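Here is my note on the two-chain model you sent round. The points are numbered so that you can reply to them one by one.

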Amino acid sequence: MADDAGYYSIRFGADPVQLAFFRAGLDRWLQGLSWPEEARVDAILAVSEACTNAVKHAYVGGVPGDVEVVGRLVAGPSSRQIVVTVRDEGVWRPDQGATGYGMSVMNGCMDRVSIRRDDAGTTVTLRSVPVPLPHSSPEGMAAVE
Amino acid sequence: MQHTHDTTPVQPSESDDQITVVTRDAGAGRVVLEIGGEVDMLTSPQLRTAALAALADDPRVVVLALDSVSFLGTSGLAVLIEVREAAQQAGVDLRLACTGRRVLRPLSIAGLIPMFDVRDTVEDALA
C-alpha cells in the first residue's frame, strides 16, 4: 500500500548547518507516524550520527556533495520499524571518528546498522527497534494532506 | 524541573546554528552554565569555549545544566569528555544537572554516565 506517511526522503548539502534542519524534518516524519517518544529520540540520535559522519568525513578535501536520506516504514502484523538509508558519494571512513562513539550510538539506538562502501560512496542502513502498531488502523496512519 | 521536550517539535529557526549559554555565579566559587539548544557538530565548539572559559576563572564547582538541551550528538559527548579532563587538571569539581532522556540517553549508550557526577537538579548539583 503506497501512502506518503510511510516514506521519507531528503537530500541536503554536506554542511553542518543542515543537520539541525534535517533532524527537525525527521522528527516531524516520526511524529506523524505517532512513533513512541523513546524510540523517536533513539532514531533521531542514530540517523543524525550517520548524517554527521557523512558531513564530517565524506567530502574531506574534495568537492562537497550531498547527503541523501531515505526512510521507509515497514509494518508487520504486530509491530513496525523504520529502515533509513543515509547515502553519500564520498569516502566515508569511520576510523577517522575522533571518539568512536558514533558507531556505539548508532548500534545502541537501532536494531541493526550496516555500512556498505563502494566506488560510488557509502550507504549506512539503519533499522529501528520494533515499536507497537498505532492504535488506529494501518490505513488510519496515512496523514491527510 | 519541568522541561519536557516530548510534545514540542523541533522548529527550525534562525537560531538553529547557535546554542544558548547562560553563565550564573552561584556564590562560594560555584558557577552554573545553563545550556540550551541542539549540541551537535556545528554547535559543540560553543559549548567547549564556554565551559573552558568557566574553568579558567578558577572556580570550585562548575555545573553544566543540560535540561534545555534538545539534542546531544557525539560531537557534544566529545566536548563533555574534554571539559571533564580539563576540570580534573584544574582541580575543579564538574557536575552535570539533567534528567532529560535526550541528554541522558546518548551519555548512557556511550557508557559515559559513570564518568560524570550527574544530578537531577541544579540545586542538588550546587549542594
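1. G111(B) has a positive phi, about 75°, and comes just after helix 3 of chain B. This is a predicted model, so the angle is a computed one, taken from the model coordinates. Within helix 3 of chain B, the buried residues are R102(B), V103(B), R105(B), P106(B), L107(B) and I109(B). Two arginines, R102(B) and R105(B), are thus on the buried list.

2. The cover over those buried residues of helix 3 of chain B comes from both chains. From chain A it includes helix 2 and helix 3; from chain B it includes strand 3 (61-72), helix 2 and strand 4 (93-97).

3. Helix 3 of chain A spans residues 101-109, and its buried residues are Y101(A), G102(A), V105(A), M106(A) and C109(A). They lie on the same side of the helix, because the arc they cover around the axis is only 135°. Their cover includes helix 2 (37-57), strand 4 (112-118) and strand 5 (121-127) of chain A. Chain B contributes as well, with helix 2 (74-90) and helix 3 (101-109) among the covering elements.

4. S48(A) belongs to helix 2 of chain A. Its relative accessibility is 0%, so S48(A) counts as buried. Leaving aside residues up to four places away in sequence, S48(A) is in contact with F22(A), R23(A) and F71(B). Two of these partners also meet each other: R23(A) sits over the face of F71(B), 3.8 Å from the ring centre.

5. How many aromatic pairs does a search of the whole structure find? Over all chains there are two. One of them is formed by Y8(A) and W29(A), whose ring centres are 5.4 Å apart; their planes are at 20°, so this pair is stacked. Y8(A) is in strand 1 (residues 7-13) and W29(A) in helix 1 (residues 18-32) of chain A, so the pair ties together parts 21 residues apart in sequence. Both Y8(A) and W29(A) are buried.

6. Chain A has three helices and six strands, in the order β-α-α-β-β-α-β-β-β from the N terminus. Of its 145 residues, 47% count as buried. For contacts in chain A between residues at least 6 apart in sequence, 66% link residues at least 24 apart. The accessible surface of chain A is about 6900 Å², and carbon and sulfur atoms account for 52% of it.

7. Chain B has four helices and five strands; along the sequence they follow the pattern β-β-α-β-α-β-α-β-α. Of the 127 residues of chain B, 50% are buried. Among its contacts between residues at least 6 apart in sequence, 72% join residues at least 24 apart. Chain B exposes about 5800 Å², with 48% supplied by carbon and sulfur atoms.

8. On confidence, chain A has a mean pLDDT of 86, and 84% of its residues reach 70 or more. Where in chain A does pLDDT stay under 50? This applies to residues 140-145, for which the model has ten contacts beyond four places in sequence. Predicted coordinates should not be read in detail where pLDDT is low.

Key: Residues are numbered from 1 along each chain as its sequence is written. Chains are lettered from A and ligands numbered from 1 in the order in which they are written. This is a predicted model: local features need pLDDT of at least 70, side-chain atom pairs count only at pLDDT 80 or more; totals for chains, interfaces and linings use all residues. Side-chain values use heavy atoms; hydrogens and water are left out. Buried means under 20% relative accessible area, exposed over 50%, partly exposed in between (1.4 Å probe, protein chains only). The arc is that of the directions from the helix axis to the C-beta atoms. Contact means heavy atoms within 4.5 Å. Rings of Phe, Tyr and Trp (its six-membered ring) pair if their centres lie within 6.5 Å; planes under 30 degrees apart count as stacked, over 60 as edge-to-face and the rest as tilted. A charge sits over a ring if NZ of Lys or CZ of Arg is within 6 Å of the ring centre and within 35 degrees of the ring normal. Accessible areas come from the Shrake-Rupley method with a 1.4 Å probe; for residues, only the protein chains shown count as cover. pLDDT is the predictor's confidence in each residue, from 0 to 100.
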